[in-house]
Amino acid sequence: MYSDKVMDHFRNPRNVGYIEDADGIGKVGNPVCGDIMELTIKVEDDVITDARFRTFGCGAAIATSSIVTEMVKGKRVDEALTISNKAVVDALGGLPRVKVHCSVLAEQALKSAIEDYHERRKGQPVEQTAAPAGDREPTA
Ligand code: FES
């Protein structure tokens, strides 16, 4: 019923935990099954350097959260935002149809963490970098 990859991520989940000084936190739940997923990300220079998850849910929810943390590490935030639940399912070698909603939860947790990251950055001063000498306006 489950692929070897799903079983592997379920039995040996990667990146379980919570980043205390996270740059983005996403917490989502599915009201039908009651499963809850929380994803924290660390971002440096717009690149996701770390991702951790805590999931209270089914085996597929654990496997999808686990693989999503692996998929986002090293990606730019805008790239990570394009990861769909289908990409998560494909990376796991497929999921039974009744478990596809678990991958949707993983996509939502990721999007929510990135939204939170953008939210936190609002209002922060933008770093000024000096223009190269050649681009400067000539001074009188
Ligand atoms: Fe709901 Fe898996 S059964 S997330």
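**Note on the predicted model: helix α2 and its surroundings**

1. Of the 140 residues of the protein, 32% count as buried, and the reader should keep in mind throughout that this is a predicted model. The protein has five helices and three strands, and from the N terminus on these elements follow the order α-β-β-β-α-α-α-α. Among contacts between residues at least 6 apart in sequence, 63% join residues at least 24 apart.

2. Helix α2 takes in residues 59–72, 14 residues in total, and from its first C-alpha to its last it reaches 20 Å, which is close to the 20 Å expected at 1.5 Å a residue. Just after α2 comes G74, whose phi is positive, at about 90 degrees.

3. The surroundings of α2 deserve a point of their own, because eleven of its 14 residues are buried and the helix is therefore largely enclosed by the rest of the structure. The buried residues are A60, A61, I62, A63, T64, S65, S66, I67, V68, T69 and V72. What covers them includes the helices α1 (4–11), α3 (77–80), α4 (85–91) and α5 (100–121), together with the strands β2 (36–44) and β3 (47–56).

4. Helices α1 and α2 pack at an angle of about 90 degrees, and their axes are 8 Å apart; that angle makes α1 roughly perpendicular to α2. On the α1 side the contact is made by V6, H9 and F10, and on the α2 side by G59, A60, I62, A63, S66 and I67. By class, the residues of this contact divide into six nonpolar and three polar, with no charged residue.

5. With α5, helix α2 packs at an angle of about 40 degrees, the axes being 8 Å apart, and the two helices are therefore oblique to each other. The crossing of α2 and α5 is right-handed. Here A60, A61, T64, S65, V68 and V72 in α2 meet C102, S103, L105, A106, A109 and L110 in α5, a contact with nine nonpolar, three polar and no charged residues.

6. T49 lies in strand β3, and because it has 14 C-beta neighbours inside 10 Å, T49 counts as partly exposed. When residues up to four places away in sequence are left out, T49 touches K42, V43 and E44. T49 and K73 are 24 residues apart in sequence, yet their C-alpha atoms are 5.5 Å apart in space.

7. Two loop residues merit a look at their backbone angles, given that most residues other than glycine have a negative phi. N15, in the loop between α1 and β1 (24–29), has a phi near 55 degrees, a positive value in a residue other than glycine. D46, found in the loop between β2 and β3, likewise has a positive phi, of about 70 degrees, although it is not a glycine.

8. Are these two loop residues, N15 and D46, exposed or partly exposed? N15 counts as partly exposed, because it has 19 C-beta neighbours inside 10 Å, where 20 or more would be needed for a residue to be buried. D46, with 12 other C-beta atoms within 10 Å, is exposed.

Terms used
Residues are numbered from 1 along each chain as its sequence is written. This is a predicted model: local features need pLDDT of at least 70, side-chain atom pairs count only at pLDDT 80 or more; totals for chains, interfaces and linings use all residues. Helices (H or I, at least four residues) and strands (E, at least two) are DSSP runs, numbered from the N terminus. The expected span of a helix is 1.5 Å times one less than its number of residues. Two residues are in contact if their C-beta atoms, placed from the backbone, lie within 7 Å. Axes are lines fitted to C-alpha atoms, for helices over the stretch in contact, and angles run from 0 to 180 degrees between N-to-C directions. Angles under 35 degrees count as roughly parallel, over 145 as roughly antiparallel, 65 to 115 as roughly perpendicular and the rest as oblique. A crossing is left-handed if the near helix is turned anticlockwise from the far one by less than a right angle, and right-handed if clockwise. Ala, Val, Leu, Ile, Met, Phe, Trp, Tyr, Cys and Pro count as nonpolar, Asp, Glu, Lys and Arg as charged, and the others, Gly among them, as polar.
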